[in-house]
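Please consider how the helices of this model pack against their surroundings. The account below proceeds helix by helix.

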Amino acid sequence: MAVTKSSPVRKPIAEVRKENEELHKKIEALENGGYCYMCGKHKAKTNFYQNTDPNIKSGITGICKDCAKNIACRYDEKTGEYLGCTKESVMEALTYIDKPFLVNLWDAAYYELQDETTPAQNKRKTIWGNYIKNVSIALYNGLRWKDSDIFTGNYYAGSLDKALSSEEEEEIQRDRKERQKELAIEYKKNREDVIKLYHYDPFEYEAEEDKPIMYAQVSNMCNTSDESEDDVIKLNSIISIVKLSVQVEKNNREISRLQNEALNDRNISAIKSLTSVNKDMNNSIINLAKESKLSKGSSGTSTKGTNTWTGKVKILKEMKLREEEVNAFEVETCKGMQQVAELSDAAIIKQIGLDENDYSDMLIEQRNLITKIRKDKNLAEERMRILYRENVDLKRLLEKNAIKIDKNLESNYLFAPEKSKEVKNR
């Protein structure tokens, strides 16, 4: 009996099309992903670190981020917990992803995790997270495991089974903590001054890491501005200027971060946008400063020559300090000035070469001058006698009423003769 062959069943066109689409998706996923030879899974490229070795065409590391973290943080499969990072475990993970071990980055990662003042958005949960974040910036592009500090020959790794920093970095951090204590005291003082000035906290809802610089800037601007405490417009302008300045600084930090990363179209567009925003903010700051007369150029007061000797003396005179008054008598009668005057007179006489007629004219002029000076002297002495008696009476009155005065004429040697006469008359 003859056996007949059954013809293959043809699939519907819709089913074939669906299978074809699924195959294309799988091929696309394979092309845009990578294979981790440690966990044996195929994952998207975003789950791998960037490989800076030019010979690796895929551009990604051989193991995925999860496997690297498991090695660095010592994942225990039995308990499902991480035992924590050590230098040895981090170095082992770095060998798999071909990244360098650098002492300064290790110290920075260690203290960044310990430092409570580190902003939350910049802090990772593990030393490995902080380290891999720092080593991935553009500054260290191209460095591989062979470029690690342990191969330089002059580096001592220390205890590898613990997460410890270098002694040098510990000294730096001790100094940093001392500075932080000083800044905390200054921050508290500036905050109290601002609240006392405004009668409320103008930065209550601002980010905690921005408040120290804000309070410091307001305190500084209020101290340097003219009568700002009595001008509500100026006070409000100062707050606006400070907030804009802090935002400009944040934008500058973001621009720096984007510049350290790969410059793709997205990053370039973000940099241009932030630069434009900063320009508008800076213009707003300048306009506010001009309108409120907070800047030196628009305050209406000239500062030229302020830091010169004459400028300093002028400031002291405006403050009406008694100590700044110059005793012209002492200056003109000091030995140094007398010697200068004698040398100057001798040089003038030698240069002009006077004859007998000149001497006669000079004697007549000197005679008239001496007569005038004698009259002025007698008048000045009489006025001084009257004023001195009044001064003595006033001092007696002050002593009688137990009113203390810090400075008086008793300390001036010029009045010693009169003082002795006064004692004799008593």
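Against which elements do the buried residues of α2 pack? They pack against β1 (33-36), β3 (48-50), β4 (60-64), α3 (87-97) and α5, where contact means heavy atoms within 4.5 Å. The model is predicted: local features need pLDDT of at least 70, side-chain atom pairs count only at pLDDT 80 or more, and totals for chains, interfaces and linings use all residues. Residues are numbered from 1 along each chain as its sequence is written, and side-chain values use heavy atoms, with hydrogens and water left out. Helices (H or I, at least four residues) and strands (E, at least two) are DSSP runs, numbered from the N terminus.

Helix α2 spans residues 65-72, and its buried residues are Cys67, Ala68, Ile71 and Ala72; buried means under 20% relative accessible area, exposed over 50% and partly exposed in between, with a 1.4 Å probe and protein chains only. These residues lie on the same side of α2, because they cover an arc of only 135 degrees around the axis, the arc being that of the directions from the helix axis to the C-beta atoms. An α-helix has 3.6 residues a turn, so residues three or four places apart point the same way. After α2 comes Arg74, with a positive phi near 55 degrees.

Two helix pairs involve α5. The axes of α3 and α5 come within 11 Å and cross at roughly 40 degrees; axes are lines fitted to C-alpha atoms, for helices over the stretch in contact, and angles run from 0 to 180 degrees between N-to-C directions. That angle makes α3 oblique to α5, since under 35 degrees counts as roughly parallel, over 145 as roughly antiparallel, 65 to 115 as roughly perpendicular and the rest as oblique. In this contact, Val90, Ala93, Leu94 and Ile97 of α3 meet Trp128, Tyr131 and Ile132 of α5.

The second partner is α4 (residues 103-114), whose axis comes within 8 Å of that of α5 (residues 127-135), with a crossing of roughly 135 degrees. Here too the arrangement is oblique. On the α4 side the contact includes Leu105, Trp106 and Tyr110, and on the α5 side Ile127, Asn130 and Tyr131 are among the residues met.

Further along the chain, Ile285 has its place in helix α9 (residues 265-291). Ile285 counts as buried because its relative accessibility is 14%. Beyond its neighbours within four places in sequence, Ile285 is in contact with Ile241, Leu244 and Ser245.
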